[in-house]
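Hi,

Here is the structure I promised to pass on. Have a look at it first, and my notes follow underneath.

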Amino acid sequence: MPFVDIVVLPVPTANKAAWLEHSRRQTPLFKEHDALSVTECWGEDVPDGKLTDFRRAVALQDGETVAVGWITWPDRAARDAGWEKVMQDARMMGGEPPWDGKRMIYAGFEVVLEG
């Protein structure tokens, strides 16, 4: 089954273009190392929850927008090998990301149902 890495991060709204350009530079790198796809999403309808929500999850501050992205891999083994190669690739370390990485949430998930 496919494996998906998901990330939720706070991006300064003024850095939207820089965030997207950063992703455009990184996407080919992941695909070279066997990722099937890379998807980036910009928060447009991110409501406040009663107990939890995306905003609180990343300690969103004024002037920031929640962004969500995911990388789809063929399986967990391909993901583990791909990340190892990506992290050794000098292109991965090119420049400071245009968001606060300390408030980023990320995890890997096994896909158990696709519709």
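**What I found**

Let me start with the charges: the protein carries 13 positive and 19 negative ones, and the mean positions of the two sets are 3 Å apart. Do keep in mind that this is a predicted model.

On to the overall layout. The protein has 3 helices and 4 strands, and from the N terminus on they run β-α-β-α-β-α-β. The radius of gyration is 15 Å, close to the 13 Å that the globule rule gives for 115 residues, so the protein is as compact as a globular protein of that length. If you want a feel for the dimensions, the C-alpha atoms fill a box of roughly 35 × 35 × 20 Å along the principal axes.

How do the contacts spread along the chain? Among the contacts with a separation of 6 or more, 82% are between residues 24 or more positions apart.

Now the surface and the inside. The accessible surface comes to about 7400 Å², and carbon and sulfur atoms hold 57% of that. Of the 115 residues, 37% count as buried.

Which residues make up the largest nonpolar core? There are 8 of them: F3, L29, F30, A35, I71, W73, V86 and M92. Two elements, α1 (16-32) and β3 (64-73), each give two or more residues to this core. Another core, of 7 residues, lies apart from it, and V11, W42, A67 and W99 are among its members. As a general point, nonpolar side chains in soluble globular proteins tend to be buried together.

A35 is a handy place to zoom in on the largest core, being one of its members. Leaving aside neighbours within four places in sequence, A35 is in contact with F30, I71, T72 and W73. Of these partners, F30, I71 and W73 are also listed in that core.

One more residue to click on is S23, which is found in helix α1. Is S23 buried or exposed? With a relative accessible area of 7%, S23 is buried, because the cut-off for that is under 20%. Not counting residues up to four places away in sequence, S23 touches V38 and E40. The second of these partners, E40, is 17 residues from S23 along the chain, and their C-alpha atoms are separated by 7.8 Å.

That's the lot from me. Shout if you want to go through any of it together.

Cheers

Technical notes
Residues numbered from 1 in each chain as written. Predicted model: local features only at pLDDT ≥ 70, side-chain atom pairs only at ≥ 80, totals over all residues. Heavy atoms only, no water. Rg over C-alpha atoms; globule rule 2.2 N^0.38 Å. Buried < 20%, exposed > 50% of the residue type's maximum accessible area, 1.4 Å probe, protein only. Contact = heavy atoms within 4.5 Å. Areas by Shrake-Rupley, 256 points an atom, 1.4 Å probe, with all protein chains shown as cover. Lys, Arg positive; Asp, Glu negative; His and termini not counted. Charge placed at Lys NZ, Arg CZ, Asp CG, Glu CD. Core = buried A, V, L, I, M, F, W, Y, C linked by side-chain atoms within 4.5 Å.
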